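Got your viewer open? Let's walk through this one together, one selection at a time.

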Amino acid sequence: QVRLVESGGGLVQAGGSLRLSCAASRLTFNAYFMGWFRQAPGKEREFVADISGSGASTYYADSVKGRFTISRDNAKNTVYLQLNSLKPEDTAVYYCAADLKRVVSTNPNYWGQGTQVTVSS
């Protein structure tokens, strides 16, 4: 069973930063697109960002473009999401996901358990 484990969430003030990590196991990591989704209370899960297997290609939701950065370290089987200039509306559970296709264009096959990000005003 593929395992994706997120970490790095927490409580920050508006304008602050966090870095989320997602460690993957039992996965041929560099063959997979990795991505991040988020789900706020009472709202549908939404796409945040994804990255190709090599790390050469990234894609961001308009709501986070210019503020968040996705990256990966294939030697560590880990994908990161750097969250800068955080806003209260960024508050959500953030989920790591993996698929052989771009995460933005599919329902990913593999998901992590999520990590909570809370941004206070």
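Which pattern does the protein follow when read along the sequence? Switch to cartoon and trace it from the start: you get β-β-β-β-β-β-β-β-β-β-β. That's eleven strands and zero helices. Keep in mind that this is a predicted model.

Zoom out for the overall dimensions. The C-alpha trace spans about 40 × 25 × 25 Å along its principal axes. A compact globule with 121 residues would have a radius of gyration near 14 Å, and the protein has 13 Å, so the two agree. Colour by accessibility if you like: buried residues make up 45% of the 121 residues.

Next, select S1, S3, S8 and S7. These four strands form an open sheet, in just that order, with antiparallel pairing. The edges are strand S1 (3-7) and strand S7 (68-73), each of which pairs on one side only. Ignoring direction, neighbouring strands of this sheet are turned by 15° against each other on average.

Now hide everything but S3 (residues 18-25) and S8 (residues 78-83). This pair is antiparallel and runs over six bridges. Pick Arg19 and look across: Gln82 in S8 stands opposite.

Last stop, the largest pocket. Show Arg38, Ala40, Lys43, Glu46 and Glu89 as sticks; of the 13 lining residues, these lie nearest the pocket's centre. Its volume is about 170 Å³. What does the lining divide into? Colour the residues by type and you'll find eight charged, three polar and two nonpolar.

Key: Residues are numbered from 1 along each chain as its sequence is written. This is a predicted model: local features need pLDDT of at least 70, side-chain atom pairs count only at pLDDT 80 or more; totals for chains, interfaces and linings use all residues. Side-chain values use heavy atoms; hydrogens and water are left out. On a 1 Å grid over the protein atoms alone, a cavity is a set of points where a 1.4 Å probe fits but cannot get out, and a pocket is an open set with protein on both sides within 12 Å along at least five of seven lines; lining residues have an atom within 4 Å of a point. Grid points are joined across faces, edges and corners, and a volume is the space filled by probe spheres set on the points. Ala, Val, Leu, Ile, Met, Phe, Trp, Tyr, Cys and Pro count as nonpolar, Asp, Glu, Lys and Arg as charged, and the others, Gly among them, as polar. Two strands pair if DSSP finds at least two bridges between them. Helices (H or I, at least four residues) and strands (E, at least two) are DSSP runs, numbered from the N terminus. Axes are lines fitted to C-alpha atoms, for helices over the stretch in contact, and angles run from 0 to 180 degrees between N-to-C directions. The radius of gyration is taken over C-alpha atoms; the globule rule is 2.2 Å times the number of residues to the power 0.38. Buried means under 20% relative accessible area, exposed over 50%, partly exposed in between (1.4 Å probe, protein chains only).
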